Amino acid sequence: MRHSLLLSFLFVWFCSLTFVRADEPFRNHRYNVFSVLPVRSDHIVMMGNSITNMHEWWEALGDHRIINRGVSGAVSDEMVANLSPIVAGHPSKVFIMIGTNDIGYSQSREHIADNLNTIISRFQKESPSTRIYVQSILPSENGSRGGKIAGTNELLRSVCRKANVTFIDLYDIMGDGEGHMKQGWSFDDLHPKAVGYRTWCNALIPYLDEGTAGKHTCTYPENLPDIHGNRFDSFGARLGTLSLLPITEDDTVLIGDEMIHSGEWHELLNSPTVKNRGTGWGYPGGDISWFMKEIPHIFHGNTQNRCPKTVVVYAGAQEVEAGTDGKAFEAQYRNLMELIHKEAPNAQVKVLSIAPNADKEKDAGFTQPFNKILKNIVKKDKQATFVDIYSPLSHPGMMMGNYVSGKGYLEIAKLL
């Protein structure tokens, strides 16, 4: 009996570890991207997990100095382990959200509080000029989080009180009083929709303005249509936010899957006119049919939007993984290009080749032939340019399996 109980315990423990680490390649790649993006003393850093990762903070708050260091799936141990590059940059402010994934993986609230205390102590000792703001965990009864968040928040508040740093209570602002996010504010009671992010941004504005001459405003319009592309998950929630962010005639808009989403392009290209409209995390993200649903909303969900100067598109990795027939892929991509030209008729379109696939058979059988198809499509399109990222990304150190490394992103930025 004891032997069987021990085996059962070990099996559950092993499975839980496997689950926790399932997205580790994505998280490692995301941290690697951060390694090539130095933090500056004028930066305002948003630290957190997927809830932070999936939002375009600098656009929503109209401040190019705001940088995103959120990582989908991150737990507090990882935030501590990857803290040094942020602290070393001595940012002006840091907004920390910590703990929701720890709770989801049944980590104790004391462990989360200890890690928060470590993070605060590092900043106070090594970057004393940085203003520290700790945001409460958002309300959620998703999975094993049920009934655990409010008590954890109180412990985090206590840590902040003792360390003399600001604690921002988002739990009450965004909650329904029963532990859930307000009705209609999330598809999964975890990741906010646009209405949640607008409320969040407005709650942060007094702290963003604190100690600065400038004034921040939330760029989301007052009336928020519920846009989701018939996906009632984090993809749909992100589309809802992307659809409402402003686009001007001077902008470059990047559309695509996880590869686009994970690139902090306004940092990589050092420009406030570069807008990230990538969706998904975890290779390979969305497929062409999803981008077709997104595009009309991205360009026209905000009625004040204008046709951008340039559109950069990256698509096809999902079709490589699916082993899509070449003729079907060509037809899908032609439809995609037609739609982009229709929705952004004056924009120049830069078509990025598909990045190398770690599976050599898939790379030779699909990636390389698909890239030839893309090149031929662009040849006949006077408003489009083909950008070969496959060749430079084939060099050592440019890829991490099927994910682009930090060095790889720098290479793509150079080409753009």
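In this predicted model, the side chain of Ser136 reaches the backbone nitrogen of Tyr171 at 3.0 Å. Ser136 sits in the loop that runs between β4 (131–135) and α9 (149–163). Its relative accessibility is 0%, so Ser136 counts as buried. Leaving out residues up to four places away in sequence, Ser136 touches Met97, Asn153 and a run of residues made up of Phe167, Ile168, Asp169, Leu170 and Tyr171. Tyr171 thus turns up both as a contact of Ser136 and as the residue whose backbone nitrogen the Ser136 side chain reaches.

His43 tells a similar kind of story. This residue is found in the loop between α2 (24–34) and β1 (44–48), and its side chain gets to the backbone nitrogen of Arg40 at 2.9 Å. With a relative accessible area of 3%, under the 20% cut-off, His43 is buried. Beyond its neighbours within four places in sequence, His43 is in contact with Pro38, Arg65 and Ile67, and also with Pro91, Ser92 and Lys93.

Strand β1 itself holds Met46. Met46 has a relative accessible area of 1% and is therefore buried. Setting aside neighbours within four places in sequence, its contacts take in Thr52 and Trp57, the stretch Ile66, Ile67, Asn68, Arg69 and Gly70, and then Phe95, Gln135 and Leu204. Ile67 is a contact of Met46 and of His43 as well. As for Trp58, 12 residues from Met46 along the chain, the two C-alpha atoms are separated by 9.7 Å.

Next up is Asn276, which lies in strand β7 (residues 274–278). Asn276 counts as buried because its relative accessibility is 4%. What does its side chain do in there? A polar atom of the Asn276 side chain lies 3.0 Å from the backbone oxygen of Ile260, and the side chain also reaches the backbone oxygen of Gly263 at 2.9 Å. Ile260 and Gly263 are among the residues that Asn276 touches once those up to four places away in sequence are left out; the others are Glu56, Glu59, Arg238, Leu242, Leu254, His261 and Trp265. Some of these partners are far off in sequence, and the backbone tells a matching tale: the C-alpha atoms of Asn276 and His55 are 221 residues apart along the chain but separated by 10.0 Å.

Now for the nonpolar cores. In soluble globular proteins, nonpolar side chains tend to be buried together. Here, the largest nonpolar core has 55 residues, and the members that touch the most others are Met259, Trp265, Tyr314, Tyr333 and Leu336. Tyr333, for one, is in contact with Ile288, Val313, Ala315, Val351, Leu374 and Ile377, leaving aside its neighbours within four places in sequence. Another core, of 33 residues, lies apart from that one, and its members include Trp58, Met181, Cys218 and Leu242. Asn276 touches Trp265 and Leu242; Trp265 belongs to the largest core, and Leu242 to the core of 33 residues.

Where is empty space left inside? The count comes to 4 cavities of 30 Å³ or more, and the largest cavity has a volume of about 100 Å³. Its lining is made up of 15 residues, with Met259, Tyr283, Tyr314, Ala317 and Asn402 the closest to its centre. By class, that lining breaks down into 10 nonpolar, 3 polar and 2 charged residues. At least two lining residues each come from α13 (258–261) and β12 (403–404). Met259 and Tyr314 appear in the lining of the largest cavity and also in the largest nonpolar core.

Some backbone oddities round things off. Tyr283, one of the residues lining the largest cavity, is joined to Pro284 by a cis peptide bond, with omega at about 0°. Pro284 has its place in the loop between β7 and α15 (288–300). Two residues that are not glycine have a positive phi: Ser106, at about 65°, and Asn270, at about 50°. Ser106 is found in the loop between α7 (100–104) and α8 (109–126), while Asn270 lies in the loop between α14 (265–268) and β7. Ser106 counts as exposed because its relative accessibility is 53%. Asn270 has a relative accessible area of 57%, so this residue is exposed too.

How values were computed. Residues are numbered from 1 along each chain as its sequence is written. This is a predicted model: local features need pLDDT of at least 70, side-chain atom pairs count only at pLDDT 80 or more; totals for chains, interfaces and linings use all residues. Side-chain values use heavy atoms; hydrogens and water are left out. A nonpolar core is a set of buried Ala, Val, Leu, Ile, Met, Phe, Trp, Tyr and Cys residues joined through side-chain atoms within 4.5 Å. Buried means under 20% relative accessible area, exposed over 50%, partly exposed in between (1.4 Å probe, protein chains only). Contact means heavy atoms within 4.5 Å. On a 1 Å grid over the protein atoms alone, a cavity is a set of points where a 1.4 Å probe fits but cannot get out, and a pocket is an open set with protein on both sides within 12 Å along at least five of seven lines; lining residues have an atom within 4 Å of a point. Grid points are joined across faces, edges and corners, and a volume is the space filled by probe spheres set on the points. Helices (H or I, at least four residues) and strands (E, at least two) are DSSP runs, numbered from the N terminus. Ala, Val, Leu, Ile, Met, Phe, Trp, Tyr, Cys and Pro count as nonpolar, Asp, Glu, Lys and Arg as charged, and the others, Gly among them, as polar. A polar contact is a pair of N or O atoms within 3.5 Å; within protein, one must be able to donate a hydrogen and the other to accept it, and residues adjacent in sequence count only if both atoms are side-chain atoms.
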